[in-house]
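Colleague: Before I rely on the labels in your notes, I would like to go through them with you and hear what each one rests on.

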Amino acid sequence: MSIKTVDITKYYGTQLVLDKINICINKGEVVGLLGPNGAGKSTLMKIITCYLPPTSGEAFVEGFEVALAPEEIKKRVGYLPENNPLYLDMYCREYLEFVAGIHKLGRNSRRKVDEIIEITGLGPEQHKKIGMLSKGYRQRVGLAQAMIHDPEVLILDEPTSGLDPNQLHEIRNLIREIGKQKTVLLSTHILQEVEAICSRVLIIHQGRLVADDLTSNLSANQAKDIITVEFGSIVQDNLLKTIPGIVSMIRVNETTWKLTAKPGEDIRLHINKMAVQNNLTLLGLHREEQRLEEIFQQLTKS
């Protein structure tokens, strides 16, 4: 078990920020941590990385308890905070050598710096001051400092914030490659990123864990199928109400309806059966599944 929390609770004064959060993340997983602004995502990451103590509960990383062995945990965790604090007056390579010294890599420092520059694609920019780098390359420097000591676990808080589409694609591919060897906990507001990178999703809302499942399972278990059906003549809603599994229905026009089914239930056969029994002609039947964005909105409604 790479990361585990047991009833993690955090108050800021009298404000409850995290309410008994229980998660388990296994080695080799790439997990997306989602939630609206103020949901508690960054607070949870800071607790896991020993930057912030919980009010109550326990957190473990690679078997070490956060409250009892922070030094051991910091050896095993790479952390990229949301605001990516960097020394802008330092040169890129100089900064990474400085970080390698902090981690006491000793004789391995130069080799590790060379390796991490290669992995993160910083070669063309390594002799520039960090303050001269683009947002995308600064994010690469942040990832490089988080990875330079070869940690087993990577905690990345909004690693693609503020990037343009090209930079976003590059960093996303880099994280995907990193995830083949590391355990990654990734916080983001970009839901397409989670679908593209993460095998599992955690969703926090108002300090509570409201979803924890594989990305594929979450879509299958939470999504409601929406069926657009067009008939050859006017159909009254009392006929549609006889179709099993319908949650709601909206009339689009005189002959077309948009039907919403229960999660995981395919009502197309029931629609066809109802049409046959009532001598109705089906002109069109289109099924669309909700994307993660819509599921996220359902789970995080206030």
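Colleague: Why is R93 called buried?

Modeller: R93 has a relative accessibility of 15%, and buried means under 20% relative accessible area, exposed over 50% and partly exposed in between, with a 1.4 Å probe and protein chains only, so R93 counts as buried. This is a predicted model, in which local features need pLDDT of at least 70 and side-chain atom pairs count only at pLDDT 80 or more, while totals for chains, interfaces and linings use all residues. Residues are numbered from 1 along each chain as its sequence is written, and side-chain values use heavy atoms, with hydrogens and water left out.

Colleague: What makes the contact of R93 and D114 a salt bridge?

Modeller: The term asks for a side-chain nitrogen of Lys or Arg within 4 Å of a carboxyl oxygen of Asp or Glu, and the side chains of R93 and D114 meet at 2.7 Å, N to O. R93 belongs to helix 3 and D114 to helix 4 (residues 109-120), so the salt bridge ties together parts that are 21 residues apart in sequence; helices here are DSSP runs of H or I with at least four residues, strands are runs of E with at least two, and both are numbered from the N terminus.

Colleague: Why does D114 count as partly exposed?

Modeller: Its relative accessibility is 37%, which lies between the limits for buried and exposed, so D114 is placed in the class in between.

Colleague: How do you know that E62 and K27 form a salt bridge, and which parts of the chain does the pair link?

Modeller: The closest N and O atoms of E62 and K27 are 2.7 Å apart, which satisfies the distance rule. The pair links distant parts of the chain, with E62 in the loop between strand 4 (56-61) and strand 5 (64-65) and K27 in the loop between strand 2 (15-25) and strand 3 (30-34), 35 residues apart.

Colleague: Are E62 and K27 buried or exposed, and why?

Modeller: E62 has a relative accessible area of 17% and is therefore buried, whereas K27, at 55% relative accessibility, counts as exposed.

Colleague: What makes K75 and E72 a salt bridge, and where do they lie?

Modeller: Their closest N and O atoms are 3.4 Å apart, a value that meets the rule. Both residues lie in helix 2 (residues 70-76), 3 residues apart, about one turn of the helix. E72 has a relative accessible area of 26% and is therefore partly exposed.
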